[in-house]
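User: I have a fold in front of me and want to learn how to read it. Please take me through it feature by feature.

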Amino acid sequence: MSTAKISIAKKDHSEAIAALQTRFGKQLTTNITVREQHGHTMTWLANQPPDAVLTVQDKHEVAAAVEICNQYQMPVIAFGIGSSLEGQLNAPYGGLCIDMHAMDGILQVHNEDLTVTVQPGVTREQLNHYLRDTGLFFPIDPGANASIGGMVATRASGTNAVRYGTMKDVVLALEIVTASGEIVRTGTRAKKSAAGYDLTRLMIGSEETLGIVTEVTLKLFGISECIGSGICHFPTIEDACQAVMLTIQMCLPIARIELLDAMQIKACNQYANLDLDETLPYL
Ligand SMILES: Cc1cc2nc3c(=O)[nH]c(=O)nc-3n(C[C@H](O)[C@H](O)[C@H](O)COP(=O)(O)OP(=O)(O)OC[C@H]3O[C@@H](n4cnc5c(N)ncnc54)[C@H](O)[C@@H]3O)c2cc1C
């Protein structure tokens with residue numbers, strides 16, 4: 001069997017870049033260092049930078065940029081903070097990278113309803129810092145200080161998923177710029193809604209293939225009055241797994257449970273100078 005080599009034809013996007021330059025001036029850059037920083041860096045895949053990087057301030061600028069790109073058939077890639085791991089930010093066909101970091105406004109907090117509306121460049125740590133005196137928090141934690149827009153696009157999860165779910169469980173409504181530059185809204189703050197297609201869920205995890213997220217309404221949660229933590233060791237991995245299942249079946253309100261096998265315990269011992277038994281798994 002012969003192996004086919006995939007060759008990707010890269011179009012010349014100079015006309016589109018000229019049109020974007022006229023509209024956005026210094027907000028647009030073609031500097032190679034900046035472009036490489038916006039290609040993918042956190043993966044084994046080679047960096048494939050976009051042709052230009054545009055920093056946007058609001059949804060109207062996103063819409064205008066997408067409209068120009070649509071007119072010239074230039075690919076568009078939104079950029080949150082670049083913590084995704086699977087090469088999503090690479091630009092194999094070239095194109096325009098729209099950097100969303102400056103759209104970092106926290107627009108409305110509804111304490112009583114446990115909801116917040118933010119712009120997509122807000123990071124999860126920034127949001128929790130802002131909420132710190134409300135007794136509420138946003139629980140989805142993918143490990144990196146990711147942007148909310150990037151987390152919507154990748155349907156992010158993390159170690160709190162056992163209790164709070166993933167992004168698909170906490171996004172109530174979105175504002176999106178579609179490929180033609182139209183600004184549309186999906187969902188509302190109301191939890192009870194069964195009307196029409198669930199376009200919000202369609203967008204979550206679509207990795208920017210269906211549009212650019214310009215506003216997100218999220219569910220918030222109360223911070224527990226008291227939080228306990230503990231470490232248990234088990235004779236076998238199976239025993240550890242049984243303990244997790246039993247804990248959930250008994251409705252104990254757990255936020256996260258992590259399994260450390262013998263290899264991970266060895267790494268922890270070496271890193272933190274501990275003396276945990278390296279032959280046992282731990283929860
Ligand atoms: C140490 C580490 C641990 C991690 N652990 C986890 C984990 O446990 N669970 C998990 O899910 N992920 C994990 N990740 C991956 C990463 O943090 C998530 O994928 C995160 O959601 C990416 O967000 P970002 O802002 O960095 O997005 P980016 O990397 O900038 O972009 C990711 C994708 O989202 C698109 N995008 C960005 N902004 C928008 C927007 N406004 N509108 C539309 N599309 C947009 C981009 O085009 C791209 O396709 C981890 C990463 C690291 C570095």
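Analyst: Keep in mind that this is a predicted model. Start with one side chain and its neighbours. Leaving out residues up to four places away in sequence, Phe 138 touches Arg 124, Leu 127, Asn 128, Leu 131, Ile 148, Met 151, Met 167, Val 170, Leu 218, Lys 219 and Leu 220.

User: Which residues touch the most other members of the largest nonpolar core?

Analyst: A nonpolar core joins buried nonpolar residues through side-chain atoms within 4.5 Å. Here the largest one has 25 residues. Leu 127, Phe 138, Ile 148, Met 167 and Leu 218 touch the most other members. At least two residues each come from strand S6 (115-118), helix H5 (148-154), helix H7 (167-170), S8 and S10. Another core lies apart from it. That one has 23 residues, including Ala 19, Phe 24, Leu 54 and Val 56.

User: Phe 24 is on that list. What sits over its ring?

Analyst: For such a case, look for a charged group above the ring face. The charged end of Arg 23 sits over the Phe 24 ring, 4.6 Å from the ring centre.

User: Now the sheet. In what order do the strands run?

Analyst: Read a sheet from one edge to the other. Five strands form an open sheet, ordered S5-S6-S10-S8-S9, with antiparallel pairing. Strand S5 (106-110) and strand S9 (183-186) are the edges. Each has a single partner strand, so one side of each is left without a neighbour in the sheet. From one strand to the next, the twist averages 10 degrees.

User: How many bridges join S8 to S9?

Analyst: Four bridges join them. S8 covers residues 171-177, and the two strands run antiparallel. To find the register, pick a facing pair. Val 177 stands opposite Ile 183 in S9.

User: Which helix lies across S8 and S9?

Analyst: Helix H3, residues 59-72. It also lies across strand S10 (212-219). Its angle to S8 is about 50 degrees.

User: What about aromatic pairs: how many does a search of the whole structure find?

Analyst: Two. To classify a pair, check the angle between the ring planes: over 60 degrees counts as edge-to-face. The ring centres of Phe 137 and Tyr 164 are 5.5 Å apart and the planes stand at 90 degrees, so this pair is edge-to-face. Phe 137 is in strand S7 (residues 136-137) and Tyr 164 in helix H6 (residues 161-164), so the pair ties together parts 27 residues apart in sequence.

User: And which residues form the other pair?

Analyst: Tyr 164 and Phe 221. Their centres are 4.9 Å apart, with 70 degrees between the planes, and this pair is edge-to-face too. Phe 221 is in strand S11 (residues 221-222), 57 residues from Tyr 164. Phe 137, Tyr 164 and Phe 221 form one aromatic cluster.

User: Is Tyr 164 buried or exposed?

Analyst: Compare the relative accessible area with the cut-off: buried means under 20%. Tyr 164 has 10% relative accessibility, so this residue counts as buried. Phe 137 is buried as well. Phe 221 has 23% and is partly exposed.

User: Last, the whole chain. How many helices and strands does the protein have?

Analyst: It has 10 helices and 11 strands. Of its 283 residues, 40% count as buried. Its C-alpha atoms fill a box of roughly 65 × 55 × 40 Å along the principal axes. Then check how far contacts reach along the sequence. Among contacts with a separation of 6 or more, 62% join residues 24 or more positions apart.

Technical notes: Residues numbered from 1 in each chain as written. Predicted model: local features only at pLDDT ≥ 70, side-chain atom pairs only at ≥ 80, totals over all residues. Heavy atoms only, no water. Pairing = 2+ DSSP bridges. Axes fitted to C-alpha atoms, helices over the stretch in contact; angles between N-to-C directions. Contact = heavy atoms within 4.5 Å. Buried < 20%, exposed > 50% of the residue type's maximum accessible area, 1.4 Å probe, protein only. Phe/Tyr/Trp six-rings, centres within 6.5 Å; stacked < 30°, edge-to-face > 60°. Lys NZ or Arg CZ within 6 Å of the ring centre and 35° of its normal.
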